[in-house]
Amino acid sequence: QVRLVESGGGLVQAGGSLRLSCVASGLTFSDYAMGWFRQTPGKEREFVAVIRSSERASYADVVKGRFTISRDNAKNTVYLQMDSLSPEDTAVYYCAASYSGSYGYTAQYDYWGQGTQVTVSS
């Protein structure tokens, strides 16, 4: 069974940093683009970043320059380094795997983790 497990969320003050991790199992990791999305209660899930197996990365405009996505294919793990956090970044962060490409839309992703809460205080 495919499983994506996020970790690294928590409470941080504005301006601080967190690094999220997502470990994938049950799939051929190198066949998938790996993305990060975020969601707050009652709102749509929002694209954050994606990294292809080639390690080419794309970001949502709102996180460019602050977040960095990376992957370690040997560990089946994707990371999201989050710097200069603001309260607007507060959300549940999900990692997801896309077999079809590296698109920034939820419909392009085949598997999802359970999410990890990131809360940024003022």
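This passage walks through a strand sheet, a disulfide, two buried loop residues and a set of aromatic pairs in a predicted model.

The sheet makes a handy starting point. Four strands build an open sheet, laid out in the order β1-β3-β8-β7, and the pairing is antiparallel. At the edges sit β1, covering residues 3–7, and β7, covering residues 67–72, each with a pairing partner on one side only. Going from one strand to the next, the twist averages 15°. Inside this arrangement, β3 (residues 18–25) and β8 run antiparallel and are joined by six bridges. Along that pairing, C22 of β3 stands opposite V78 of β8.

C22 also turns up in the disulfide. The model has one disulfide by the distance rule used here, and C22 and C95 are the two cysteines involved, with an S to S distance of 1.8 Å. A disulfide is a covalent bond between the sulfur atoms of two cysteines. This one links distant parts of the chain, as C22 belongs to strand β3 and C95 to strand β9, with the two positions 73 residues apart. Both cysteines, C22 and C95, are buried.

The loop between β8 (77–82) and β9 (91–98) is worth a look too, starting with L85. L85 has a relative accessible area of 2%, so this leucine is buried, the cut-off being under 20%. Leaving aside residues up to four places away in sequence, L85 touches V12, A14, G15, G16, S17, L18, R66, F67 and V120. R3 is another matter: 82 residues away along the chain from L85, R3 has its C-alpha atom 28 Å from that of L85.

D89 is found in that loop between β8 and β9 as well. Its relative accessibility comes to 1%, and D89 is therefore counted as buried. The D89 side chain makes a polar contact of 2.8 Å with the side chain of R38. With residues up to four places away in sequence again left out, the residues touched by D89 are R38, R66, F67, S84, V118 and V120. R66, F67 and V120 thus appear among the contacts of L85 and also among those of D89.

Then there are the aromatics, with six aromatic pairs in the structure. One of them brings together Y32 and Y99, whose ring centres are 5.3 Å apart; their planes meet at 65°, so the pair is edge-to-face. Y32 comes from the loop between β3 and β4 (33–39), while Y99 comes from the loop between β9 and β10 (111–112), so the pair ties together parts 67 residues apart in sequence. As for accessibility, Y32 counts as buried at 10%, whereas Y99 counts as exposed at 54%.

Another pair is formed by Y109 and W112, with ring centres 5.9 Å apart and planes at 55°, so this pair is tilted. Y109 is buried, its relative accessible area being 6%, and W112 is partly exposed, at 26%. Y109 and W112 also belong to a cluster linked by ring pairs, which takes in F37 and F47 as well.

Definitions and conventions: Residues numbered from 1 in each chain as written. Predicted model: local features only at pLDDT ≥ 70, side-chain atom pairs only at ≥ 80, totals over all residues. Heavy atoms only, no water. Buried < 20%, exposed > 50% of the residue type's maximum accessible area, 1.4 Å probe, protein only. Contact = heavy atoms within 4.5 Å. Pairing = 2+ DSSP bridges. Axes fitted to C-alpha atoms, helices over the stretch in contact; angles between N-to-C directions. Disulfide = S-S within 2.5 Å. Polar contact = N/O pair within 3.5 Å; in protein donor to acceptor, adjacent residues only side chain to side chain. Phe/Tyr/Trp six-rings, centres within 6.5 Å; stacked < 30°, edge-to-face > 60°.
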